[in-house]
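Trainee: Could you take me through the aromatic rings of this structure, with a close look at one pair and its surroundings?

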Amino acid sequence: MNAYVTGLSAAGSIAPAGTAENRILTFLQSAHFDRPTLVIDLAGVTQQYRALAAGLGPARIHYAVKANPERAIIEELVRLGSGFDAASRAEIELCLSLGARPEDISFGNTIKRTADIAFAHQVGLRLFAADSEEELEKIADNAPGAQVYVRLLVDATGADWPLSRKFGCAPDKALRLLDLAHALGLDPVGFSFHVGSQTRHAGMWEQTLDQVADIWWTAQEAGNDLTLLNIGGGFPAFYEEEIEAPTAYAANVMEMVRARFGDVPHVMAEPGRGLVAEAGMIAAEVLLVARKSDSDLCRWVYLDIGKFSGLAETMDESIRYQFLTGRDHEETGPCILAGPSCDSADVLYERRPVALPLGLRAGDRVVIRSCGAYTSTYASVGFNGFPPLDVVVI
Ligand SMILES: Cc1ncc(COP(=O)(O)O)c(C=O)c1O
């Protein structure tokens, strides 16, 4: 039996039959790579889409393409009837080229290139996001008459990868932007927000939904006929800490939405991480195990993948990836984990070291769990001459 599967069994069968992890680990038994490689299990994406859709009920999924724009994923989601949240012309073109209809793609970036807005309008996109006067003016000039939703600034909820601060606008401004959109000949249809990526439990949405509902009802009372609520992403993946299962999580969120907003004609959700992260694992390799001195408590383990080659979300040690090795049945000790590049910022985990087998050595394979989101596109094109993360879809 393969060392990983043996290791996993010893660790308590974390990859039961029928799961994406099990299929990927089976595939890895006979796969050899000459660089770090993300293996995506397409059936895992399908399973997760169905699980989220079951909980979201009438809410329409617009997959956040940025999480993983792999062609096979987009094609499969088109087949399943998903919509798409695009951040740029390239993402729009990708979705269109793989069969998505323009009316199923929303342009959700609040900082758009003017030429991209004109392109999107020309190819038939109808729905655009904005959180400022100038963005509305750009949309009015380049996509006249388009539907727009205003992105709201919401307080941080405790998400592991918060998206507050940079995006959205305050409530009083949001109301003024609806008026401005009308004045510019646009069709302001509603609001969007993002609760923060990797929001581990549905209960953590409560406060954000309260804030958004306040603004929603104030806008309705001011005479706006709002028909769209875009609840964004935030749906979690399993890394280190326990999370709710996708269907229950999504159903709980929708229950809270209904309680506050009633029957909104169109609710949209934009899962990225929650849809694809658990469908991918990275096969990496140990390049070196060393100690800085004989009395060093921690070993330094250098992998062939780091912050600049796909694991950018280890910034501030925010996302805690889980590692599997063929030696997981052996005794472990604390390690500082680092990438291969010459940049001293390329340290993955140091504040909270990672427990890895004492026998780990150069040449050992390390499999990193839940890597299907925000990895392949974060990889640099060739820092230090290392090739970018490769992707294989099974
Ligand atoms: C506008 C928008 N929607 C959705 C997402 C996806 O979020 P998540 O991966 O947490 O589901 C993002 C992520 O950055 C985003 O910017």
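Mentor: Tyrosine 239 has a relative accessibility of 4% in this predicted model, and because buried means under 20% relative accessible area, tyrosine 239 counts as buried. Tyrosine 321 is likewise buried, its relative accessible area being 3%. These two tyrosines form an aromatic pair of the edge-to-face kind, with 5.7 Å from centre to centre and 90° between the planes. The pair links distant parts of the chain, since tyrosine 239 sits in the loop between β8 (228-230) and α10 (246-261), while tyrosine 321 belongs to the loop between β11 (299-303) and β12 (323-325), 82 residues apart. Beside tyrosine 321 in sequence, arginine 320 lies over the face of another ring, that of tyrosine 349, at 4.3 Å from the ring centre.

The count of aromatic pairs comes to twelve. Among them is the pair of phenylalanine 193 and tryptophan 205, which is edge-to-face, with 6.1 Å centre to centre and 80° between the planes. Both residues lie in the loop between β7 (187-192) and α9 (206-221), so this pair ties together parts that are twelve residues apart in sequence. Phenylalanine 193 is buried, at a relative accessible area of 2%, and tryptophan 205, at 0% relative accessibility, counts as buried too. Phe193 and Trp205 also belong to a cluster that ring pairs build together with Phe235 and Tyr249. Elsewhere, a lysine is placed over a ring: lysine 112 lies over the face of phenylalanine 107, at 5.6 Å from the ring centre.

Notes
Residues numbered from 1 in each chain as written. Predicted model: local features only at pLDDT ≥ 70, side-chain atom pairs only at ≥ 80, totals over all residues. Heavy atoms only, no water. Phe/Tyr/Trp six-rings, centres within 6.5 Å; stacked < 30°, edge-to-face > 60°. Helix = DSSP H or I, 4+ residues; strand = E, 2+ residues; numbered from the N terminus. Buried < 20%, exposed > 50% of the residue type's maximum accessible area, 1.4 Å probe, protein only. Lys NZ or Arg CZ within 6 Å of the ring centre and 35° of its normal.
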